[in-house]
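Visitor: Please give me a close look at one packing contact in this model, and then at what surrounds it in the chain. A connected account would suit me better than a list.

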Amino acid sequence: MSTPIIVMGANGRMGRTICTLVQEDPAFTLAGVVERSEFAAGLAALSCPVSQNVEELLQSLDGKAVVVDFTAPEVSLATARSVAKFGAAHVIGTTGFTNEQKQELAKLAESCRMFWAPNMSIGVNVLLKVLPELTRALGEKYDIEMVELHHNRKKDSPSGTALRLGECLAEARGWDLDDVRCSARDGIIGERPKAQIGIQAIRGGDVVGVHTVYFMGPGERIEVTHQAHSRETFAQGALRAAAWLCGQQPVRNARHFLENVLNFDGACGRLPVNNAGKWRRRRLRGPHATGSSTHQRRAGTLAQGLLSYQERRS
């Protein structure tokens, strides 16, 4: 039986891509789309229910659907509340959440099946595993900087992917990214501190996404770059996550919600650590710890699933 999909922001760049892939794949059914009335032109051609209210669609489907959501933080959070109300499933690719918003998402995940990742491409999720190892191997004599490049309509800066990569890099040095991130330099600022990770943003044109990490040491420089050539990369990952999510249960607490992201990208977990909603990264202990055989099998299984899905699409 195919998986029913509801697409949020169906006339946006990611929304259109996801709708196309859903309609081309017999494993999924486009059960409905959500879009504001002023942007809904042409959606009737999708031959599925069109609504301005996701609750209307969820009610008609008795909550038996996966909502795929690449919109804006406030929209995604409101959608998460509706998904939790109906006990449906929610795949979130939105970036730009505040710590408090992430905290609420984690709480909502206790009453629905939820999957959130700031980047759903295989390549980026491999980097999340490889970059910390490279950081530790090079040692502290190597300064770390990052430049991310996106299209001129992207609203958040730095990108969610850049921040996620930065967290992995900082964790490998034993730092908190909030304490060492520098995203602006101007004027006479003095020498660069050793405990610093620069993350600079460039915006222009129609660039889908480029992230370059620089390791600069004595007499040499290493550059690691990921370039996304098409939004299909992210859409395919989101649909793979939607299919995976159908077989899951609502999480018991925030830790298990975040292990959904852990299982997807093979990196360290992120846990809420205080009432203010500030998050830090730490290694998980037990069967989900980075490097354990169980963790590697789970991360590898989902990565293989993504590869298989892409091969089936090609």
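Guide: Helices here are DSSP runs of H or I with at least four residues, strands are runs of E with at least two, and both are numbered from the N terminus. The model is a predicted one. Counted that way, the protein chain has 10 helices and 13 strands. It comprises 314 residues, of which 51% are buried. Among contacts between residues at least 6 apart in sequence, 67% join residues at least 24 apart.

The part to examine is the pair α5 and α6. Helix α5 covers residues 122-138 and helix α6 covers residues 160-173; their axes lie 8 Å apart and the packing angle is about 30°. Angles under 35 degrees count as roughly parallel, and α5 and α6 are therefore roughly parallel to each other. The crossing of α5 past α6 is right-handed. On the α5 side, the contact is made by V124, L127, L128, L131, P132, T135 and R136. On the α6 side, the residues are T161, R164, L165, C168, L169, E171, A172 and R173. By class, the residues of this contact divide into 9 nonpolar, 2 polar and 4 charged.

Some of the α5 residues also have a partner elsewhere. H226, found in strand β11 (residues 220-228), is in contact with V124 and L127, among others. V124 and L127 also belong to the contact of α5 with α6. Leaving aside neighbours within four places in sequence, the other contacts of H226 are S121, G123, G209, V210 and H211. Buried means under 20% relative accessible area, so H226, at 14%, counts as buried.

Ahead of α6, the loop that runs from β7 (143-150) to this helix contains P158. The peptide bond from S157 to P158 is cis, with omega near -10°.

Two further backbone details belong to other loops. S47 sits between β2 (28-34) and β3 (50-51), while D62 sits between α2 (54-60) and β4 (66-69). Neither is a glycine, yet S47 has a positive phi of about 55° and D62 has a positive phi of about 55°. The cut-off for exposed is over 50% relative accessible area. S47, with 69%, is therefore exposed, and D62, at 56%, likewise counts as exposed.

For the chain as a whole, the exposed area is about 14,700 Å², and carbon and sulfur atoms supply 50% of it.

Notes
Residues are numbered from 1 along each chain as its sequence is written. This is a predicted model: local features need pLDDT of at least 70, side-chain atom pairs count only at pLDDT 80 or more; totals for chains, interfaces and linings use all residues. Side-chain values use heavy atoms; hydrogens and water are left out. Buried means under 20% relative accessible area, exposed over 50%, partly exposed in between (1.4 Å probe, protein chains only). Contact means heavy atoms within 4.5 Å. Accessible areas come from the Shrake-Rupley method with a 1.4 Å probe; for residues, only the protein chains shown count as cover. Axes are lines fitted to C-alpha atoms, for helices over the stretch in contact, and angles run from 0 to 180 degrees between N-to-C directions. Angles under 35 degrees count as roughly parallel, over 145 as roughly antiparallel, 65 to 115 as roughly perpendicular and the rest as oblique. A crossing is left-handed if the near helix is turned anticlockwise from the far one by less than a right angle, and right-handed if clockwise. Ala, Val, Leu, Ile, Met, Phe, Trp, Tyr, Cys and Pro count as nonpolar, Asp, Glu, Lys and Arg as charged, and the others, Gly among them, as polar.
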